[in-house]
Amino acid sequence: MSWAFPAAGQLSGRGSGDGRLRMDVTVLCDAVAVFPEGVSDALPGWTAEYAGWTADVMPGNVRGDGWWLHFHSYLVSGDSGVVLVDAGVGPAGGEAGEWLGVSGRLPGLLGLAGVGVDEVDAVVLTHVHLDHVGWAADGAMPMFPRAEYVVQRDEIEHVRGGVTYERMMRPIVDAGQLRVVEGETALRGMRLVPTPGHTPGHQSVVTERAVLGGDVLVHPAQARWPELTYVYERDPAVAVTSRREVLAMAATLGIPIAASHPHAALSADARPVAAAGAGDVVCPPYKL
């Protein structure tokens, strides 16, 4: 797998009369929950070194011997429209809420950010796992009535016919709002880049502010040790390659990786660069 790195200025950022489009990236933390399994069970090869590093560098992901997961969506807004990257855990009673024992807050967080559900132009799903599509639909209708939902073809083919597909994606398909893409794709001043491994059709979103990496890394230690695999990666070897390539991309572009579950965005050398709150509660929206 490979991609061409964009040259400086090819991606859209905050414009100030230089001809570039204005773009803001806002972190929306839909929920915070303790992972239902032990860290060492979820991350085979976990060591005391990894635990010590995480406690020092990213304490917002540590809860005693357990592991705080954040469930981040990202709101990308500016001259090219309003794009939501990932759709969170969803409401109480949903698949992810039942699994984690929490309910999401995304609609209210969008309101705090000044955006209504009918103002979202596109919803990019990094992949179709239950904790990333929880607010995509209500079981009957798409949650975002004007938005195109953008998913890689390999991902749709991977999940087609499953429970999450039928409940969360079928209403989008039936409403004619699903846009299926293949490979690297330009979208509203950003780039969608395939980063498979976690799932076959996982994609990341590259902006000038950050690489919005979904589950290309699920734990902050994977930015320091990209070879550290996650037990639920569909293809661990491919996932390791994707992590290394995303880290290389972030280093080349000089931007952080903002993944779904780490408390903070991480630089290419695995240092936190942006966060809000102590990590144990849902934080208010904040900009990267």
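This is a guided tour of a predicted model, moving from salt bridges to buried acids, then to a pocket and a cavity, and ending at two backbone angles.

**Salt bridges**

The structure holds 7 salt bridges, and three of them are visited here in turn. Begin by selecting Asp121 and Arg146, which form a salt bridge whose closest N and O atoms are 3.3 Å apart. Asp121 sits in the loop between helix H4 (106-112) and strand S5 (122-124), while Arg146 belongs to the loop between S5 and strand S6 (148-152), so this pair ties together parts of the chain that are 25 residues apart in sequence. If you colour by accessibility, Asp121 should appear as buried, because its relative accessible area is 15%, which falls under the 20% limit used for that class.

Next, select Arg179 and Glu148, whose side chains meet in a salt bridge with an N to O distance of 3.4 Å. Here too distant parts of the chain are linked, since Arg179 lies in strand S7 (residues 178-181) and Glu148 in strand S6, with their positions 31 residues apart in sequence. Are these two partners buried or partly exposed? Arg179 counts as partly exposed at 31% relative accessibility, and Glu148 also counts as partly exposed, at 24%.

The third stop is the salt bridge of Glu233 with Arg243, where the closest N and O atoms are 2.6 Å apart. Glu233 is placed in the loop between helix H7 (221-224) and helix H8 (236-253), and Arg243 is in helix H8 itself, so the pair ties together parts that are 10 residues apart in sequence. Both Glu233 and Arg243 are buried.

**Buried acids without a salt bridge**

Keep Arg243 displayed and add Asp215, which is found in the loop between strand S11 (211-214) and H7. Which side chain of opposite charge is nearest to Asp215, and how far away is it? It is Arg243, at 9.4 Å, and Asp215 is buried yet has no salt bridge. What the side chain of Asp215 does have is a polar contact of 3.0 Å with the side chain of His261.

Now move to Asp86, in the loop between strand S4 (81-85) and helix H3 (95-100). Asp86 counts as buried because its relative accessibility is 2%, and Asp86, too, is without a salt bridge, the nearest side chain of opposite charge being Arg243 at 14 Å. Show His132 beside it, and you will find a polar contact of 3.0 Å joining the side chains of Asp86 and His132.

**The largest pocket**

For the next view, select Trp99, His129, Leu130, Asp131 and His198, which, among the 19 residues that line the largest pocket, lie nearest its centre. About 320 Å³ of space lies in this pocket. Which elements should be highlighted around it, as suppliers of at least two lining residues each? They are S3 and helix H6 (163-174), and H6 provides the largest share of the lining, with 3 residues. Colouring the lining of the largest pocket by class gives 12 nonpolar, 5 polar and 2 charged residues.

**The second largest cavity**

The structure also holds 2 cavities of 30 Å³ or more, and the second largest of them has a volume of about 40 Å³. To frame this second largest cavity, select its lining, which includes Val27, His72, Tyr74, Pro262, His263, Tyr286 and Leu288. Strand S3 (66-78) and strand S12 (257-259) are the elements that give two or more residues to this lining. By class, the lining of the second largest cavity has 9 nonpolar and 2 polar residues, and no charged ones.

**Two backbone angles**

Most residues other than glycine have a negative phi, and the last two selections depart from that pattern. Return to Asp86, where phi is positive, at about 75 degrees, although the residue is not a glycine. Then select Arg188, also not a glycine, with a positive phi of about 50 degrees. Arg188 is located in the loop between strand S8 (185-187) and strand S9 (190-194). Its relative accessibility of 33% makes Arg188 partly exposed, whereas Asp86 is buried.

Key
Residues numbered from 1 in each chain as written. Predicted model: local features only at pLDDT ≥ 70, side-chain atom pairs only at ≥ 80, totals over all residues. Heavy atoms only, no water. Salt bridge = Lys/Arg side-chain N within 4 Å of Asp/Glu carboxyl O. Helix = DSSP H or I, 4+ residues; strand = E, 2+ residues; numbered from the N terminus. Buried < 20%, exposed > 50% of the residue type's maximum accessible area, 1.4 Å probe, protein only. 1 Å grid on protein atoms, 1.4 Å probe; cavity = no way out; pocket = protein on both sides within 12 Å on 5 of 7 lines; lining within 4 Å. Points joined across faces, edges and corners; volume = space filled by probe spheres on them. Nonpolar A, V, L, I, M, F, W, Y, C, P; charged D, E, K, R; others polar. Lys, Arg positive; Asp, Glu negative; His and termini not counted. Polar contact = N/O pair within 3.5 Å; in protein donor to acceptor, adjacent residues only side chain to side chain.
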